[in-house]
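Me: I would like to learn how to read a model of this kind, one feature at a time. Could you take me through it, giving the general idea before each case?

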Amino acid sequence: MVDVREDILARLLEVVATIPNIRTAVRNNVDLTEEHLPAAIVFDGDEETADASDMSMRPPHRPTVVQMTPEIIIAQQSDQVGSDITTLRRELIKRVLTDTELNEQIVKTGRHGNGAIRYLGCQTDVGWMRSLHGALRAQFMFKYTLKPEDL
Amino acid sequence: MIDYSALLYDPVYAEIGVPATLAAGTADEIELVVIDDTRPKVLPAGSAEVRSVGPGAFARIPELAAAGIAREDYTDAVLSFNGRTWTVRSYELRGSPNGEDLGEVRFLLKAAGSTDG
């Protein structure tokens, strides 16, 4: 059994856990307290294919290309939250886009694979609590081949 | 006219107020009574929520004025009560039927030393 989607999400959690100073790395946990911060949360992403327009006689279990867009949240509360969030963002992007396991073993990017990993962008939120709180939502796109017979 | 300070605020502060000190600018530290108004606070982090507190405290404006603390002195003042020390990051005036100068101020606080980072 090979479930590329699950392999990507599981590896993403491992990757964000290696970001320096991250105290908490979780998946799909929507309820944190300030003691968890700085935290990184991996949210399972939506998936899309182009198969809705495929009216061919292709067997339904043939491989198809999927684009998954998971979201990663970075949250921090500190005296210098702006600088902290910027640093955490830098480490997040660098580690996801350069992770060898994600690129070469799971998504199979490169000259001879048709997978891809792209950084789509981020949004930020700030607000006052005990000190200044900041959150950054980063989106990535993972393009991979879904092989129903491998599931 | 009802004296709200004598009949409302003073008895309430005598009952649930706590001793505090406030240092504003280069003036001498003053002693006053505040009501701890630290509240739970939740902020969004994308699809998640982060729980913490929004620290705050009520004080009587006449008590501050009598000690020489004017409104322009509130922001960045250091307020200590209930074993913690905070910095006033902003405030909101709570009017009184006797006029805002005889009402309360709610100090919005942040951890001492915290910046706008």
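Reply: What follows goes from the overall make-up of one chain to a helix pair, a single residue, the contact between chains and a sheet. This is a predicted model, in which local features need pLDDT of at least 70 and side-chain atom pairs count only at pLDDT 80 or more, while totals for chains, interfaces and linings use all residues. Residues are numbered from 1 along each chain as its sequence is written, and chains are lettered from A and ligands numbered from 1 in the order in which they are written.

Me: Which helices and strands make up chain A, and in what order do the elements run?

Reply: Elements here are DSSP runs numbered from the N terminus, helices being H or I over at least four residues and strands being E over at least two. On that basis chain A has 3 helices and 6 strands, and from the N terminus on its elements run α-β-β-β-β-α-α-β-β. Its C-alpha trace spans about 60 × 30 × 25 Å along the principal axes.

Me: How do H1(A) and H3(A) lie against each other?

Reply: Axes are lines fitted to C-alpha atoms, for helices over the stretch in contact, and angles run from 0 to 180 degrees between N-to-C directions. The axes of H1(A), residues 4–17, and H3(A), residues 100–107, come within 10 Å and cross at roughly 170°, which makes the two helices roughly antiparallel (a label for angles over 145 degrees, with under 35 roughly parallel, 65 to 115 roughly perpendicular and the rest oblique). Residues are in contact if their C-beta atoms, placed from the backbone, lie within 7 Å; among those that make this contact are Ile8(A) and Val15(A) of H1(A) and Leu102(A) and Ile106(A) of H3(A). By class the contact has 6 nonpolar, no polar and 3 charged residues, where Ala, Val, Leu, Ile, Met, Phe, Trp, Tyr, Cys and Pro count as nonpolar, Asp, Glu, Lys and Arg as charged, and the others, Gly among them, as polar.

Me: Is Ile19(A) buried or exposed?

Reply: A residue is buried if 20 or more other C-beta atoms, placed from the backbone, lie within 10 Å of its own, exposed if 12 or fewer, and partly exposed in between. Ile19(A) counts as buried because it has 21 C-beta neighbours inside 10 Å, and its place is in the loop between H1 and strand S1 (24–27) of chain A. Leaving aside neighbours within four places in sequence, Ile19(A) is in contact with Ala40(A), Leu88(A), Glu91(A), Leu92(A) and Arg95(A). Of the 151 residues of chain A, 32% count as buried.

Me: How many residues of chain A are in contact with chain B, and which element gives the most?

Reply: By the contact criterion, 29 residues of chain A are in contact with 22 residues of chain B. S4(A) gives the most to that side of chain A, with 5 residues, and the residues of this side divide into 12 nonpolar, 10 polar and 7 charged.

Me: Which strands form the open sheet, and in what order?

Reply: Two strands pair if DSSP finds at least two bridges between them. The open sheet has 3 strands in the order S2(A)-S4(B)-S3(B), with mixed pairing. S2(A) and S3(B) stand at the edges, each with a single partner strand, so one side of each is left without a neighbour in the sheet. S2(A) runs parallel to S4(B), joined by 3 bridges, and Asp31(A) stands opposite Glu49(B). S3(B) and S4(B) run antiparallel with 7 bridges, and Val42(B) has Arg51(B) as its bridge partner.

Terms used
Two residues are in contact if their C-beta atoms, placed from the backbone, lie within 7 Å.
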